[in-house]
Amino acid sequence: MPLIDMPLAELKKYNGINPCPPDFDEYWAKAKEELETVDPQVELVPSNFQVPFAECFDLYFTGVRGARVHAKYLRPKGVNKPHPAILQFHGYTSNSGDWNDKLNFVAMGYSVAALDVRGQGGYSEDSGCVKGDTVHGHIIRGLDDNPENMFFRHVFLDTAQLAKVVMSMPEVDENRVGAMGFSQGGALTLVCASLEPRIKRLAPVYPFLCDYKRVWEMDLAKDAYSDIRDYFRLFDPLHEREDEVFEKLGYIDVQYLVKHIKGEVLMGVGLMDNICPPSTQFSAYNKITSKKQMLIYPDYGHENIPTIMDKIYQFMLEL
């Protein structure tokens, strides 16, 4: 079997090496308390894109720190009884994508909400004012500030706010909501179901934002993880604060949130992934305690994987 990481038997036992801050649970309990104080002020604006069997809207809501966050929202036309919904999360620096690729779920009778991550390629507002690098590195944004100002903390909370907004829609059955995404979207899928445990089914594929120190030790702090190398070059060239840096990144390490997931998980991994190394993904998967299944693609990396969307689609049919 081709390998760029550990043998599969070791991956299935791997538990991660990035340090977890001792107050991690308190940190996220306080973050969720902050979110509870935010009035989402939901706004639905009909989109210029419409098709005969769907209603399409630009959805806006307020996240933490006052940001107005955007998502595409589609629902079946003329279906008034509560039905399932799918939350979709996109890859790093991208956006919620086109309207048409969400219509397969709408045709099935589901509503769909696709988030634009704040500060990336869509229409969400980035309201953060933090110390340190903001050139392009969202992983390290806020790293030299109070941990409560870390950029991805706010993004993680946006996923939970989106879930709450969608679950409150009169046409949506709050007990039949799923989530899915690839790479950053895979990470946010796991995060969303961790912070909002009512998520019933989740399909993360090669999730990002896991086990940062493992990425560093594999010399893969490049591409999506280049922020880590940039940080040390710019702010700690002698690595005098290396332990402190990785512990602080632990606040936004997905592997330590997933213990709260209650929904059923279908996760995909490519064993040739040199963007989000397989071991980092297994560090999160191995900590999930709910019902779960891993789809393992030995010959694929961080790329389009044949059949996986068909499997996710069928998995979500059981919502």
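Which residues in α7 meet which residues in α8? In this predicted model, Ile228, Tyr231 and Phe232 come from α7, and their counterparts in α8 are Glu242, Val245 and Phe246. By residue class, the contact of α7 with α8 comprises five nonpolar residues and one charged residue, with no polar ones. The two elements involved are helix α7, spanning residues 226–235, and helix α8, spanning residues 242–249. Their axes come within 12 Å and cross at roughly 145°, and the crossing is right-handed.

We can now turn from the helices to the strands, beginning with β5. This strand covers residues 111–115, and because five of its five residues are buried, β5 is largely enclosed by the rest of the structure. The burial applies to both faces of the strand. On one side lie Ser111, Ala113 and Leu115, while Val112 and Ala114 occupy the other, and all of them are buried.

Strand β5 also has pairing partners. Strand β3, residues 68–76, pairs with β5 in the antiparallel sense, over four bridges. Within this pairing, Ala71 has Leu115 of β5 as its bridge partner; Leu115 belongs to the buried face shared with Ser111 and Ala113. Strand β4, residues 83–89, runs parallel to β5, and four bridges join the two. Here Gln88 stands opposite Ala114 of β5, and Ala114 lies with Val112 on the other buried side of the strand. Taken together, β5 pairs with β3 in the antiparallel sense and with β4 in parallel, and both of its faces are covered.

Methods
Residues are numbered from 1 along each chain as its sequence is written. This is a predicted model: local features need pLDDT of at least 70, side-chain atom pairs count only at pLDDT 80 or more; totals for chains, interfaces and linings use all residues. Side-chain values use heavy atoms; hydrogens and water are left out. Buried means under 20% relative accessible area, exposed over 50%, partly exposed in between (1.4 Å probe, protein chains only). Two strands pair if DSSP finds at least two bridges between them. Axes are lines fitted to C-alpha atoms, for helices over the stretch in contact, and angles run from 0 to 180 degrees between N-to-C directions. A crossing is left-handed if the near helix is turned anticlockwise from the far one by less than a right angle, and right-handed if clockwise. Contact means heavy atoms within 4.5 Å. Ala, Val, Leu, Ile, Met, Phe, Trp, Tyr, Cys and Pro count as nonpolar, Asp, Glu, Lys and Arg as charged, and the others, Gly among them, as polar.
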